[in-house]
Amino acid sequence: MVAVRFTDPKGTIVEAEAEAGDNLLRLAQAHGLPLEGTCEGQMACSTCHVVVDPQWFDKLPDASEEEEDMLDFAADVRRTSRLSCQIDLTEELDGLSVTVPADSHDARRM
């Protein structure tokens, strides 16, 4: 199992676990976090934007040029911003910590 610590837009900590190979976006959605993922992981939107804790950022594979382009459309982008749909969980990421930006919302839940 891979443990992930999410900080939601209100500052609440949500601890979650997934099998290695699962996707960060799906894990976040399964735990009620407001990440819409409009394009369902096809990297055609930025509604699954998260900010990765700096201590974990360099442990992730580099973002593709396409992901970097989509992050240009996300609100409140930081140096350690990533699209959660592009992060596959591995054993090396056990303990990963990410923050869901304050501007995040899930229109599916309105």
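The chain exposes about 6100 Å² of accessible surface, and 45% of that belongs to carbon and sulfur atoms. These areas come from the Shrake-Rupley method with a 1.4 Å probe, and for residues only the protein chains shown count as cover. Everything here refers to a predicted model, in which local features need pLDDT of at least 70 and side-chain atom pairs count only at pLDDT 80 or more, while totals for chains, interfaces and linings use all residues. Residues are numbered from 1 along each chain as its sequence is written, and side-chain values use heavy atoms, with hydrogens and water left out.

## Overall build

Now for the fold itself. The chain has three helices and five strands, laid out from the N terminus as β-β-α-β-α-α-β-β. Both kinds of element are DSSP runs numbered from the N terminus: helices are H or I over at least four residues, strands are E over at least two.

The C-alpha atoms fill a box of roughly 30 × 30 × 25 Å along the principal axes. The radius of gyration is 12 Å, which agrees with the value near 13 Å for a compact globule of 110 residues. That radius is taken over C-alpha atoms, and the globule rule is 2.2 Å times the number of residues to the power 0.38.

Of the 110 residues, 45% are buried. Here buried means under 20% relative accessible area, exposed means over 50%, and partly exposed is in between (1.4 Å probe, protein chains only). Among contacts between residues at least 6 apart in sequence, 65% join residues at least 24 apart; a contact means heavy atoms within 4.5 Å.

Charge is lopsided in number: there are 9 positive and 23 negative side chains, and the centres of the two sets lie 6 Å apart. Lys and Arg count as positive and Asp and Glu as negative, with His and the chain ends not counted. Each charge is placed at NZ of Lys, CZ of Arg, CG of Asp or CD of Glu.

## The core

In soluble globular proteins, nonpolar side chains tend to be buried together. In this model, the largest nonpolar core has 29 residues, and V4, F6, L24, V52, L89 and L96 have the most contacts inside it. At least two core residues come from each of β1 (2–7), β2 (13–18), α1 (24–30), β3 (49–52), α2 (54–57), α3 (65–71) and β5 (96–99). Helix α1 gives the most, with four residues. A core in this sense is a set of buried Ala, Val, Leu, Ile, Met, Phe, Trp, Tyr and Cys residues joined through side-chain atoms within 4.5 Å.

What does L24 touch, leaving aside neighbours within four places in sequence? Its partners are V4, F6, V50, S84, I87, L89, L96 and V98. One of these, S84, is found in the loop between β4 and β5 and is buried, with a relative accessible area of 0%. Beyond residues up to four places away, S84 touches N23, L24, L25, L35, C48 and V50.

## Pairs across the sequence

Some residues far along the chain from one another pair up in space, as these C-alpha separations show.

| Pair | Apart in sequence | C-alpha to C-alpha |
|---|---|---|
| M1 and E91 | 90 residues | 7.4 Å |
| E19 and L89 | 70 residues | 7.6 Å |
| E66 and M43 | 23 residues | 7.4 Å |
| P101 and T7 | 94 residues | 8.8 Å |

M1 lies in the segment before β1 and is exposed at 55% relative accessible area. Leaving out neighbours within four places, M1 is in contact with E17, A18, E19 and D94. E19 itself lies in the loop between β2 and α1 and counts as exposed, at 53%.

E66 sits in helix α3 and is partly exposed, at 49%. Its table partner M43 is in the loop between α1 and β3 and counts as buried at 19% relative accessibility. M43 also has a positive phi of about 60 degrees although it is not a glycine.

D76 is another non-glycine with a positive phi, near 60 degrees. D76 lies in the loop between α3 and β4 (81–83) and is partly exposed at 37%. P101, in the segment after β5, is buried at 5% relative accessibility. Neighbours within four places aside, P101 is in contact with P9, H49, V50, V51 and D76.
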